[in-house]
Amino acid sequence: MRHPIDPKVDCVFKALLGSEDNRALLIHFLNAVLIDDLPAPIIEVEILNPYNERESFSDKLTIVDVKARDAARRLFQIEIQLLVFADLASRILYGWADLYSQQLQSGQDHRELKPTYAIWILDQSLRRDDAAYACRYRMRDDRGYDLIDHGSIWVLEVNKFAAAQVETERERWLKFFKEAERFDETTLPEWMHTTEMRQAMSTLNAFSEKERAYHAYQARQEFLRQQRGIQRELDEARAAKEAERQATEAERRAKEAALQAKEIESRAKEAALRAKEIESQAKEAALAEVERLKALLKQKDA
């Protein structure tokens, strides 16, 4: 019986792109994503932290990224992230900077630094205000000039990818990560009929068919469900706290508005009283003037 396998689950992802047996898949994936960055296709890579089946099955898979180096000694990091949290952007940048800085050993000069490329595959949106599913970040100024051409950071948001037709190898991989869980190897869609995609499906099938591998996969799935539950509770707690803060702020503003309204009402009453007082004084002055005029007339008549 074939079980559906999600290629985005970390142990499966690491087997897909971090296994020595799948080195060709890693090279194909890197060329597909970095086609706009590299002067020539990657031919060979050394996997720096290869997938270890025994470690994965012991459920101690803590290093879920894939690190590699090519013949030109350029460095590559690929990581899958199913949950997006507040500090993820900082983690992405730190990961790139850490890999870049680790190149130099004691006594080496900065001229020996090589370009470093990080590729992050996300299952949730990092930028909800941006519909783009593939974003490349580089170190350049406001005019578009590079400070130094030493790599890039790619963020691929699978949840935003919705292309029906595959036009590039990058799109093929994104579609694979998004849809492969639903596929049966005997009835693959046309866009999956490539050497790389068949090899990728073979890796998924291994997790489905081998009892030990499937139990490891299920364990990781359960862990991710728990993480999603925790993340959901945290998000709900943050939302509740934010709603409470907004309610408190609205109450504060309402009180301020009420105080201002009372102040305005009080000033209006004071102004009305002053107006009445002025009117009363004017009447008294008018009556006094009438009396004065009357007195003058009486004097003349006398």
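**Exercise 1. Work out what secondary structure the protein chain has and how it is ordered.**

Solution. Start with the tally: the protein chain of this predicted model has seven helices and six strands. Next, walk along the sequence, and you'll meet them in the pattern α-α-β-α-β-β-α-β-β-β-α-α-α.

**Exercise 2. Compare the protein chain with a compact globule of 302 residues.**

Solution. First, take the yardstick: such a globule would have a radius of gyration near 19 Å. Then look at the protein chain, which comes out at 36 Å. Finally, check the C-alpha trace along its principal axes: the spans are about 135 × 55 × 40 Å.

**Exercise 3. Find out how much of the protein chain is tucked away and what its surface offers.**

Solution. Count a residue as buried when its relative accessible area is under 20%. By that cut-off, 38% of the 302 residues are buried. Now turn to the outside: the protein chain exposes about 19,000 Å², with carbon and sulfur atoms supplying 51% of that. As for charges, there are 48 positive and 55 negative ones, and their mean positions lie 4 Å apart.

**Exercise 4. Explain why helix H5 is described as largely enclosed, and name what covers it.**

Solution. Begin with the count: helix H5 spans residues 169-179, and nine of its 11 residues are buried, so the rest of the structure largely encloses it. Among the buried ones are Trp173, Leu174, Phe176 and Phe177, and charged-type names turn up too, including Arg170, Glu171 and Lys175. Last, look for the cover: it includes helices H1 (10-18), H2 (23-33) and H6 (195-209), along with strands E4 (116-122) and E6 (151-157).

Notes:
Residues are numbered from 1 along each chain as its sequence is written. This is a predicted model: local features need pLDDT of at least 70, side-chain atom pairs count only at pLDDT 80 or more; totals for chains, interfaces and linings use all residues. Side-chain values use heavy atoms; hydrogens and water are left out. Helices (H or I, at least four residues) and strands (E, at least two) are DSSP runs, numbered from the N terminus. The radius of gyration is taken over C-alpha atoms; the globule rule is 2.2 Å times the number of residues to the power 0.38. Buried means under 20% relative accessible area, exposed over 50%, partly exposed in between (1.4 Å probe, protein chains only). Accessible areas come from the Shrake-Rupley method with a 1.4 Å probe; for residues, only the protein chains shown count as cover. The place of a charge is taken as NZ of Lys, CZ of Arg, CG of Asp or CD of Glu. Contact means heavy atoms within 4.5 Å.
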